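Trainee: Could you take me through one part of this model in close detail, and then show me what else is worth looking at around it? I have the sequence and the structure open and would love a guided tour.

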Amino acid sequence: MKLSGTGRKAEHGGFGVLILAAGKGTRMHSDLPKVLHPLSGRPMIHYVLRIANALKPDGIGVVIGHHGDEVRKLIQDSLKDWGISRPITFIRQEDPTGSGAAVLEALPFLKKFQTSLVTCGDAPLLTFDTLFALINHHRNQKGQVTILTARMRDPKGYGRILRSPIGEVLRIVEDAHANPKEAAINEINSGTYCFEVPLLVSAVKKLTPQGSKREFYLTDCMEHVRAEGGRVGGFPAPSQEEAIGINNRVQLAQADRILNRRLLERLMLSGVTVVDPNQTYVDSDVEVGQDSVLLPGTILRGKTKIGKQCRIGPYTVMEDCSIGNECSVVFSFLRDARILEKTSVGPFSHVRPGTVAGPRARIGNFTEVKASKIGYGSKVPHLSYIGDAELAEDVNIGAGTITCNYDGKEKHRTTIGAKAFVGSNVNFVAPVKIGKGALIAAGSTITEDVPEGDLAIARSRQVNKPRK
Ligand code: UD1
Ligand code: MG
């Protein structure tokens with residue numbers, strides 16, 4: 001089914017999506033606006049916008065209010081990155097007096113369309129398939145409102161759906177106002193609806209403030225629509241998890257777990273082994289190649305990309321890294337680094353931004369590498385700090401070797417030529433250059449360049465004396 005476009009437009013008068021995101025998010029107890037709280041590495045609102053965009057509406061409206069400028073700026077700055085191509089209109093709600101008041105502010109936007117999906121910025125688990133099916137159902141039923149509902153094991157906190165004996169939706173009662181019989185109903189309002197706009201416009205204008213907070217509930221529209229002869233239907237979501245609305249940090253954690261599970265399932269179905277999905281976390285943009293294995297305690301953040309046949313973990317955290325094919329990374333922390341194929345990292349390595357290592361290189365136990373190139377086949381296997389350095393191919397660095405790259409004011413570079421052999425416990429006082437094939441004696445503190453092929457010894461000679 002096509003939702004809009006020229007042919008459909010004539011028939012339906014256009015289709016819009018309205019996202020309500022102006023609420024205070026009081027229950028989050030946070031300085032960060034609720035819809036900007038991250039889930040699997042992306043702000044909550046990203047998921048809602050992505051799906052809204054995928055429905056190909058003629059326009060997307062976002063009602064902003066609390067910290068509205070922050071929300072708008074983040075969305076505007078991220079549109080390209082998130083692949084949002086549909087036009088977005090921001091609507092300001094100065095006074096966050098309820099979901100109904102938010103829709104009232106959005107009427108000039110909504111009036112451009114015949115049909116509109118209204119959804120919440122705090123419902124990031126909805127799927128494209130479900131919303132597509134909801135819209136389809138709405139059009140087939142030819143009613144005025146279709147509510148996306150769900151059966152919840154624990155419906156507490158949600159608006160309940162009251163149906164007539166023959167199953168028509170009569171109204172929605174908010175949790176705070178439900179009597180015990182209504183509270184026992186487990187069909188809830190997901191906060192997502194399909195409206196025929198003309199009736200929504202007149203219904204929303206009739207809302208009156210409710211409760212101690214004097215809020216205008218969008219959910220009260222149902223009765224006004226029915227009073228005007230309109231039909232209200234309910235369309236159940238295929239699973240309760242899709243309908244979760246995030247109002248507090250407990251729900252935030254639940255949503256994070258669900259999203260993570262979905263991402264891991266996608267990876268597993270594409271040929272990645274995830275040994276324990278309950279102990280493995282990936283962000284939305286992470287890619288992992290076929291036949292790679294993610295061991296427990298693996299956390300892959302940002303735009304991390306893992307090649308094929310890699311072994312990652314256990315207990316490894318990576319952020320924005322690119323890992324080539326057939327690499328292994330064990331018990332390590334890596335950020336903004338490129339590890340080229342057949343390279344091994346860890347256990348207990350810290351690989352910092354600007355590092356490029358491999359192919360066939362090794363960064364080993366208790367080694368820190370920063371802004372350095374570790375060339376083809378080069379090895380830094382034990383207890384080293386390599387910073388602002390360039391190691392050509394087949395360099396061997398002995399245990400405990402350090403680049404002294406910082407003089408208290410500036411950083412300096414260390415360059416080590418191909419096949420150089422560096423003994424244990426060497427200090428390279430940068431800037432310094434080591435020629436190809438040079439041999440650096442263990443325990444040396446190198447302060448001057450070493451020519452190609454030379455042996456450098458820079459330590460005091462051992463003296464053995466008889467004890468008195
Ligand atoms: C709302 C529904 C409830 C439903 C639940 C699903 C109402 C009255 N209740 O309750 O029936 O079961 O969602 O998760 O709608 N908002 C504004 N401006 C405001 C107030 C809220 O834009 O002045 C936005 C919020 O940012 C949020 C959405 O509206 O995205 C819903 O508000 P929220 O406070 O989360 O309502 P719930 O209590 O979750
Ligand atoms: Mg909510």
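Mentor: Gladly! Start with the aromatic cluster made up of Y315, F331, F348 and F366. Do keep in mind that this is a predicted model. The structure holds six aromatic pairs. In one of them, the ring centres of F331 and F348 are 5.3 Å apart and the planes meet at 35 degrees, so this pair is classed as tilted. Its two members come from distant parts of the chain, 17 residues apart: F331 is in the loop between β21 (328-329) and β22 (333-335), while F348 is in the loop between β24 (344-345) and β25 (349-351). F348 also pairs with F366, and here the rings are stacked, with 5.1 Å from centre to centre and 10 degrees between the planes. That pair too links distant parts of the chain, since F366 belongs to the loop between β27 (362-365) and β28 (367-370), 18 residues from F348.

How covered are these rings? F331 has 33% relative accessibility, so it counts as partly exposed. F348, at 41%, is likewise partly exposed, because that class runs from 20% to 50%.

Now look at the sheet in this part of the chain. Nine strands form an open sheet with parallel pairing, in the order β14-β17-β20-β23-β26-β29-β32-β35-β38. At its edges are β14 (287-288) and β38 (432-434), each of which pairs on one side only. For a detail within the sheet, pick strand β23 (residues 338-339), which runs parallel to strand β26 (residues 356-357) and is joined to it by two bridges. There, R338 has V356 of β26 as its bridge partner.

Another ring to find is that of Y406: the charged end of K411 sits over it, 5.2 Å from the ring centre.

As a biochemist you may well be wondering about the cysteines. The count of disulfides is zero. For C327, the closest cysteine sulfur is that of C310, 4.9 Å away, which is too far for a bond. C327 is buried, with a relative accessible area of 2%. C404, by contrast, is partly exposed at 26% relative accessibility.

One more cysteine takes us to another part of the chain. C120 lies in strand β6 (residues 115-120), and at 18% relative accessibility it counts as buried. Apart from neighbours within four places in sequence, C120 touches I19, L20, V48, G191 and T192. Its C-alpha atom is 9.5 Å from that of A22, although the two residues are 98 apart along the chain.

β6 also turns up in the surroundings of helix α8 (residues 197-205), whose buried residues are V197, L199, L200, V201, A203 and V204. These pack against β6 and β10, and against three helices: α4 (99-105), α5 (107-110) and α9 (221-227).

From β10 it is a short step to strand β7 (residues 145-151). Six of the seven residues of β7 are buried, so the strand is largely enclosed by the rest of the structure. β7 pairs with strand β10 (residues 187-196) in the antiparallel sense over seven bridges, and A150 stands opposite I188 there. β7 also runs parallel to strand β11 (residues 232-236), with five bridges joining the two. In that pairing, I147 has G234 as its partner.

Finally, have a look at helix α3 (residues 68-82), which has a kink of about 30 degrees centred on Q76. Its buried residues are G68, V71, I75, S78 and W82. The spacing fits a general rule: an α-helix has 3.6 residues a turn, so residues three or four places apart point the same way. The buried residues of α3 pack against β3 (42-43), α2 (44-54), β4 (59-64) and β5 (88-92). Just after the helix, G83 takes a positive phi of about 70 degrees.

If you want to retrace the tour on your screen, begin again with F348, which pairs with F366 in a stacked arrangement and with F331 in a tilted one. Then move to β7 and its two partners, antiparallel β10 and parallel β11, and end at the kink in α3.

Conventions:
Residues are numbered from 1 along each chain as its sequence is written. Chains are lettered from A and ligands numbered from 1 in the order in which they are written. This is a predicted model: local features need pLDDT of at least 70, side-chain atom pairs count only at pLDDT 80 or more; totals for chains, interfaces and linings use all residues. Side-chain values use heavy atoms; hydrogens and water are left out. The bend at a residue is the angle between axes fitted to the seven residues ending there and the seven starting there. Helices (H or I, at least four residues) and strands (E, at least two) are DSSP runs, numbered from the N terminus. Buried means under 20% relative accessible area, exposed over 50%, partly exposed in between (1.4 Å probe, protein chains only). Contact means heavy atoms within 4.5 Å. Two strands pair if DSSP finds at least two bridges between them. Rings of Phe, Tyr and Trp (its six-membered ring) pair if their centres lie within 6.5 Å; planes under 30 degrees apart count as stacked, over 60 as edge-to-face and the rest as tilted. A charge sits over a ring if NZ of Lys or CZ of Arg is within 6 Å of the ring centre and within 35 degrees of the ring normal. A disulfide is a pair of cysteine sulfur atoms within 2.5 Å.
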